[in-house]
Amino acid sequence: MKKYLLILIAVLLIPAVVIGCQSEAESVLVYQDISKVSISESSGFGKVNPDFFETYQDQEKLSIFTDLLKNASQEEGIVDMIEPQYDLKILYEDETTQGFHLWVGDDGGKSTLMNVDDTHIIYTVSPEFTNKLIDLLNE
């Protein structure tokens, strides 16, 4: 009887654990209220280079990054990327941080984001956001 009870519990709990893990993995891009964005030249995958050359805190520029994250589209398939151009460190209003690698496309092309904690998934943003990023980096 105990054996059947343990099997029943295992059958009921295992799907719940798997579903819970999938939900965490899918929420890679967070776009809550941003309070600061710092940018540095990237020093490689999996970490944010702390030698920032620019930090944005004004609402107009922060809204560009909020919209960027909201409008990024996850790409399907296996990721094989060249070294990132830039790293972003995003500080949210609740004091949590998130790091991203950024590849800025050419004028009129798409740009690519990758969460530094999940280098198997990339997100692309439209040419409109690429142009905004280019303008921002050229200021």
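Let's start at the hairpin of β4 and β5, where four residues lie between the strands and E95 takes a positive phi near 75°. Keep in mind as you look at this turn that the model is predicted. The two strands that flank the turn run antiparallel, and six bridges join β4 to β5, the latter spanning residues 97-103. To find your place in this pairing, look for L88, which stands opposite F100 in β5.

Now follow β4 to another of its neighbours. Strand β1, residues 34-41, also pairs with β4 in the antiparallel sense, this time over seven bridges. A handy landmark here is I34, whose bridge partner in β4 is Y92. So how enclosed is β4, residues 86-92, by the rest of the structure? Residues count as buried when their relative accessible area is under 20%, and six of the seven residues of β4 meet that description, so the strand is largely enclosed by the rest of the structure.

With that strand in view, let's step back to the whole chain. The protein chain holds three helices and seven strands. Reading from the N terminus, the order of elements is α-β-β-α-β-β-β-β-β-α. Of its 139 residues, 37% count as buried. The accessible surface of the chain comes to about 8,800 Å², and carbon and sulfur atoms make up 53% of that. If you like to think in contact maps, here is a useful figure: among contacts with a separation of 6 or more, 59% are between residues 24 or more positions apart.

Next come the charged side chains. Side chains of opposite charge can pair when their charged atoms come close. In this model the count comes to two salt bridges. One of them links K61 with E139, with the closest N and O atoms 3.4 Å apart. Because K61 lies in helix α2 (residues 59-71) and E139 in the segment after α3 (127-137), this pair ties together parts that are 78 residues apart in sequence. Are the two partners buried or exposed? K61 is buried, with a relative accessible area of 19%, whereas E139 counts as exposed at 66% relative accessibility.

The other salt bridge joins K132 to E128, and here the closest N and O atoms are 3.6 Å apart. Both residues lie in helix α3, four residues apart, which is about one turn of the helix. As for its surroundings, K132 counts as partly exposed, at 31% relative accessibility.

How values were computed: Residues numbered from 1 in each chain as written. Predicted model: local features only at pLDDT ≥ 70, side-chain atom pairs only at ≥ 80, totals over all residues. Heavy atoms only, no water. Buried < 20%, exposed > 50% of the residue type's maximum accessible area, 1.4 Å probe, protein only. Pairing = 2+ DSSP bridges. Contact = heavy atoms within 4.5 Å. Areas by Shrake-Rupley, 256 points an atom, 1.4 Å probe, with all protein chains shown as cover. Salt bridge = Lys/Arg side-chain N within 4 Å of Asp/Glu carboxyl O.
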